[in-house]
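Visitor: Pick one part of this structure and take me through it closely. Then follow the trail outwards to other spots worth a look.

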Amino acid sequence: MSFRYEMYAYRDIQEAHADALLAGNGLSISYSPRFSYGSLYQAAVPIMEETVSAIFAALGTTNFELALREINQAISLNGLVGNASGRLPDLYADIRHALVRVVQQVHPEKTDIDTPAGAQPAEGRRHGRLAELGVRLARFEAIFTTSYDLIPYWAIMTAPSSFKDYFFDCCFSSLVPEKYAERIPLYYLHGALHLYTEDKLTRKIVAESRQLTLPRTLDQLYRSGDAMPLFVSEGLSRHKMSRILENEYLSFCYDSLKRLTGGLTVFGLSFDGDEHIVQAVRESALSRIAIGIYTPGMSPEAIMLEQARYAGKFGSDRELVFFDSASFGETGADRAGGA
């Protein structure tokens, strides 16, 4: 079967897919290369034991989730044939903890993300990239993210009266006060650095002051050992789903994804190891899905194969369109002023 989908610029199809945005780590990487798996791995090497580094080398990857999946598969196979898994469970836990620590440690400060290249910090606060992202997010009726970082949170905080994250007085509640009812919701499907659980409640951490920024506040809290961020970083999708079902907030986010209707935009998400997210989209009443593919450097054949892969995940009962994810930040004004 041949797949010959046209590739669009996002501005040409955005109106039909503005009901919801589903964003992955690609959104974060577009704002800071520190969030790529290669960068995270290099930062994690000093805090991982040599055996863990040897596993990554043997697998030929710097992808934490791929390494976790492979170790988990090995543990499962050992169990099936009655072999002992030795240190594998401990190494699995070490990699998960290393991922949590390194995302926190490499996280840029807000001003580093916000200030355009060549601009002074004061200028960045006045016309920063986060405010531009906030404007872009406000075009949607709902926002879902699988990323752990603070970029989506910082973006919505540039226009706090337009958004809600279901953390009222820093504690999760699905009961929305009336004044927040019409605000655009943001859902962290896999948790985030600034979310943690305490006494079975999911809470949000905010910056203590301008001097003690949110990344520094998180560093102090997590170094003390008093809390751990709410992260879904398991290697296998079914284990991620189990983790989601254990937490009231994560379950609420997942159920909200399943209740979507209309059109969905997918940006920066490959769905590798995220079959539970694919299943939620399949179970939804969405009729249209626009999927971003980063095409620079890709051959027409490679683009076609990528389109076929996505089409295989979401079936033929929905309208699928594809756009160049490099065009996601463009607007009509960009086109009018471009060369």
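Guide: Let's start with Tyr249, Leu250, Ser251, Phe252, Cys253, Tyr254, Ser256 and Leu257, which are the buried residues of α12. Buried here is under 20% relative accessible area, exposed is over 50%, and partly exposed is in between (1.4 Å probe, protein chains only). That makes eight of the eleven residues in this helix, which spans 248-258. Bear in mind that this is a predicted model: local features need pLDDT of at least 70, side-chain atom pairs count only at pLDDT 80 or more, and totals for chains, interfaces and linings use all residues. Residues are numbered from 1 along each chain as its sequence is written, and side-chain values use heavy atoms, with hydrogens and water left out. Helices (H or I, at least four residues) and strands (E, at least two) are DSSP runs, numbered from the N terminus.

At its N-terminal end, α12 is capped by Asn247, with a side-chain oxygen 2.9 Å from the backbone nitrogen of Tyr249. That is a polar contact, meaning a pair of N or O atoms within 3.5 Å; within protein, one must be able to donate a hydrogen and the other to accept it, and residues adjacent in sequence count only if both atoms are side-chain atoms.

Now look at what the helix packs on. α12 lies across β3 (143-145), β7 and β12 (285-293), at about 120° to β7. Contact means heavy atoms within 4.5 Å; axes are lines fitted to C-alpha atoms, for helices over the stretch in contact, with angles from 0 to 180 degrees between N-to-C directions. Those three strands sit in an open, parallel sheet of eight, ordered β1-β13-β12-β11-β2-β3-β7-β4. At the edges, β1 (7-8) and β4 (163-164) each have a single partner strand, so one side of each has no neighbour in the sheet. β1 pairs with β13 (residues 319-324) over two bridges, and pairing takes at least two bridges found by DSSP. Met7, for instance, has Phe322 as its bridge partner.

Back at α12, there's some charge too: Asp255, Lys258 and Glu283 are linked in a network of salt bridges. A salt bridge is a side-chain nitrogen of Lys or Arg within 4 Å of a carboxyl oxygen of Asp or Glu, and the whole structure has eleven.

Have a look at Lys240 and Asp274, whose closest N and O atoms are 2.8 Å apart. Lys240 is in α11 (residues 237-245) and Asp274 in the loop between β11 (261-267) and α13 (275-283), so this pair ties together parts 34 residues apart in sequence. Both partners are buried. Asp272, from that β11-α13 loop, links to Arg309 in α14 (residues 300-314), 37 residues away in sequence. Their closest N and O atoms are 3.4 Å apart. Arg309 is partly exposed at 26% relative accessibility, and Asp272 is partly exposed at 43%.

One last stop, by β7: Arg183 belongs to the loop between β6 (171-172) and β7 (184-188). Arg183 is buried but has no salt bridge, and its nearest side chain of opposite charge, Asp165, is 8.4 Å off. (Lys and Arg count as positive, Asp and Glu as negative; His and the chain ends are not counted.) What its side chain does reach is the backbone oxygen of Pro160, at 3.2 Å. Leaving out residues up to four places away in sequence, Arg183 touches Pro160, Ser161, Ser162, Phe163 and Lys164.
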